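Me: I'm new to this structure and would like to learn how to read it. Could you walk me through it, one feature at a time?

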Amino acid sequence: MNEAFFYFLQQLLNGLTVGSTYALIAIGYTMVYGIIGMINFAHGEVYMIGCYVTFIALTGLAMLGLESVPLLILGAFILSIIVTSAYGYSIERVAYRPLRGSHRLIPLISAIGMSILLQNFVRVAQGARDIAMPSLVTGGVTLGNEASFHASLSYMQIIIFVTTLMAMIALSIFISRSRTGRACRACAEDIKMTGLLGINSNAIIGITFVIGAILAAVAGVLLSLYYGVVNPYIGFMAGLKAFTAAVLGGIGSIPGAVLGGLVLGVTEAMTSGYLSSQYKDVVAFALLIMILLLRPTGILGRPEVEKV
Amino acid sequence: MSKTNQRISKLFATIALAGITSYSLAAEPIKIALAGPVTGPVAQYGDMQSIGALMAIEQINKSGGVNGSMLEAVTYDDACDPKQAVAVANKIVNDDIRFVVGHLCSGSTQPAADIYEEEGILMITAASTTPELTQRGHTLIFRTIGLDTMQGPAAGKYVVEQLKPKRAAILHDKQQYGEGIATAVKSALDTAGIPVALFEGVTAGDKDFSALIAKMKKENIDFVYFGGYHPEMGMLLRQAAENKLEATFMGPEGVGNSDISAIAGEASEGMLVTLPKAFDADPKNAHLVEAFKAKNQDPRGAFVFPAYAAVQVMADAMTLSKSQDPEVLASTIRSNSFDTPTGVLEFDDKGDLKNFSFVVYEWHADGSKTALTNE
């Protein structure tokens with residue numbers, strides 16, 4: 001096996017790492033859209049809050065004398081998930097529920113307002129400058145001959161793959177097997193009808209926001225550990241990319257969001273690797289336009305049924 | 001005439017009389033407007049300018065002022081906002097002040113400078129480095145700091161003469177400042193025949209450079225220049241260290257602040273950066289550094305001494321020409337040289353300094369730096 005192959009492998013791994021985190025955030029967009037047909041633009045900010053909680057949790061736990069890295073990370077996951085779900089639920093309660101039943105564009109504006117509010121709230125509370133921490137997980141495995149160009153897979157990348165995979169499996173079991181999951185699917189089919197059949201659709205919508213927030217928190221913990229830097233503005237960029245991934249895969253479809261995230265991540269890495277990082281976003285968005293031209297509902301999206 | 005009206009006119013009369021009395025008592029002070037951000041996210045830069053300028057005014061007044069008149073500072077806040085800068089400039093015009101030290105951010109200096117030029121006000125900025133500012137044929141606009149276009153060649157010269165890399169990569173953040181400097185560095189390397197294997201832009205705000213770093217590893221890059229600011233440079237350094245890319249990194253003054261060490265940690269050790277000379281370390285400025293310390297002020301800020309120099313150039317020009325006419329002063333400034341704490345300053349026709357040296361520093365993980373070049 002030669003250098004060119006390992007270079008390709010390296011870029012593929014880089015792309016899949018970024019792509020898995022896009023996928024985690026994209027699920028939040030796609031699930032909310034699937035049920036209430038609205039884009040939750042504040043979702044990127046929920047991810048950003050997940051990152052901040054990770055930083056605070058890690059520092060706090062370390063100050064309490066916890067030294068084991070796996071326990072620290074576990075603690076960060078638990079705290080980040082709890083706090084971020086509270087945010088996800090409250091956002092729905094405060095910004096969207098009072099507007100239920102109004103015109104489609106109104107909650108959209110409310111979402112943008114929420115996004116600005118959260119961004120500035122964190123900016124005031126935590127400062128506008130980058131906060132950084134040292135890498136907790138270092139090292140990795142080498143693939144290929146050490147002497148020439150070889151691909152390397154860091155332990156952190158492995159953690160990202162495994163965690164993302166576990167989160168996806170857990171989500172699909174929840175959606176396909178549990179009672180609440182079935183109610184979620186029913187709401188996505190026809191929210192009025194499920195209401196008539198005695199399911200509390202408001203509660204189901206609340207749960208959807210919480211699930212989205214949990215996955216955003218998972219992405220927040222993983223990316224905080226991976227990059228080690230956070231500032232109040234990261235939510236915007238991450239949200240934009242994840243939203244693109246969701247649209248690419250077919251908004252409303254959960255496997256679509258995952259596929260869209262991975263495709264977007266790999267496209268970006270390959271463009272940087274073989275063309276120029278200057279054209280990374282150009283190629284990614286050109287791909288989005290192409291796919292939407294050929295399949296207007298995205299890769300795995302189902303055709304929109306006009307509800308009468 | 002109603003009672004209120006009577007009272008108001010009496011009040012005005014008193015004020016007018018008071019004005020005349022104070023006018024007759026002493027020679028009118030020469031007012032200098034200090035325009036820059038007093039509030040807002042970059043207020044610390046405004047602080048640097050104001051402590052430098054105020055110190056200069058104090059020193060000049062202590063030694064008898066200018067042609068028998070004292071200097072007086074009037075502070076204006078533009079918050080580094082171009083819209084507010086225009087309002088401030090108009091206010092300065094209305095307040096009949098004819099000398100301005102400022103503004104700070106290039107974006108707000110540019111629109112304000114247009115107003116000063118039109119209204120015949122002399123302006124010297126101690127901080128705005130955009131080349132465009134002085135390229136529009138203005139005659140009353142000067143600066144006591146270098147230009148973005150001077151920094152790239154300074155960095156390029158050091159790379160070509162000292163580092164001599166085998167294969168270089170030049171990156172930038174696709175913005176005016178970063179791309180401009182990166183292009184200048186590239187042309188220096190091209191002239192010297194050093195192969196530039198990569199010349200690419202990255203998106204400001206991006207966090208993931210793993211694909212780019214893998215590419216640089218494959219290309220056997222041993223030198224990376226990044227034109228941009230510290231957040232992206234920090235991530236580049238950090239991810240390069242994690243992926244064992246063994247290359248020397250270099251950047252402009254936009255990466256040279258303590259935040260880089262916070263972001264990149266150990267990986268920031270050994271980074272090269274071009275910065276204006278540390279004027280506070282110059283032994284002949286020791287008395288000024290003492291004077292700043294006595295007032296509990298920090299003389300290390302990049303704009304403190306350039307602001308001091310701006311005030312001094314104005315005052316010296318007034319002494320030399322025995323005039324307070326901005327037009328006369330502008331031609332005096334162009335045709336003379338001025339001995340200031342930032343060195344002997346000479347200005348060209350555009351109003352820029354003929355020489356302004358950037359020094360190459362080696363950065364350390366604890367946020368300190370050592371100079372690698374003298375001038």
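Me: Let's start small: is Asn296(B) buried or exposed?

Reply: You count neighbours. A residue is buried if 20 or more other C-beta atoms lie within 10 Å of its own, exposed if 12 or fewer, and partly exposed in between, with C-beta atoms placed from the backbone. Asn296(B) has 6 other C-beta atoms within 10 Å, so it is exposed. Before we go on, keep in mind that this is a predicted model: local features need pLDDT of at least 70, side-chain atom pairs count only at pLDDT 80 or more, and totals for chains, interfaces and linings use all residues. As for labels, residues are numbered from 1 along each chain as its sequence is written, while chains are lettered from A and ligands numbered from 1 in the order in which they are written.

Me: Where does Asn296(B) sit in chain B?

Reply: For that you need the helices and strands, which are DSSP runs numbered from the N terminus: H or I of at least four residues for helices, E of at least two for strands. Asn296(B) is in the loop between α10 (286–294) and α11 (304–321) of chain B. Its phi is positive, about 65°, although it is not a glycine.

Me: What about Ala79(B): buried or exposed?

Reply: Ala79(B) is buried, with 20 other C-beta atoms within 10 Å. It also has a positive phi, near 50°, in a residue other than glycine. You'll find Ala79(B) in the loop between β2 (71–77) and α3 (82–94) of chain B.

Me: Which residues does a cis peptide bond join?

Reply: Look at omega: it is about -15° for the cis bond between Gly102(B) and His103(B). His103(B) belongs to the loop between β3 (99–102) and α4 (106–119) of chain B.

Me: How is chain B divided into domains?

Reply: The bounds come from an automatic or database domain assignment. Domain 1 of chain B takes 3–148 + 281–357, and domain 2 takes 149–276 + 359–371. Their C-alpha centres are 35 Å apart. Each side of the contact between them has 8 residues, where contact means that two C-beta atoms, placed from the backbone, lie within 7 Å.

Me: Now chain A. How many helices and strands does it have?

Reply: Chain A has 11 helices and 4 strands. Its radius of gyration, taken over C-alpha atoms, is compared with a globule rule of 2.2 Å times the number of residues to the power 0.38. Chain A comes out at 20 Å, close to the 19 Å given for 308 residues, so it is as compact as a globular protein of that length. Of those 308 residues, 47% are buried.

Me: Which spans of chain A does UniProt list as "transmembrane region"?

Reply: The unreviewed UniProt entry lists several, including 46–66 and 155–175. Such positions are given in the numbering used here, feature names are shortened, and annotations may be inferred rather than shown by experiment. In the model, residues 46–66 of chain A are 86% helix and 0% strand, with end C-alpha atoms 27 Å apart. Residues 155–175 of chain A are 100% helix and 0% strand, and their end C-alpha atoms lie 30 Å apart.

Me: How many residues of each chain take part in the contact?

Reply: Chain A gives 26 residues and chain B gives 25. On the side of chain A, α1(A) gives the most, with 5 residues.
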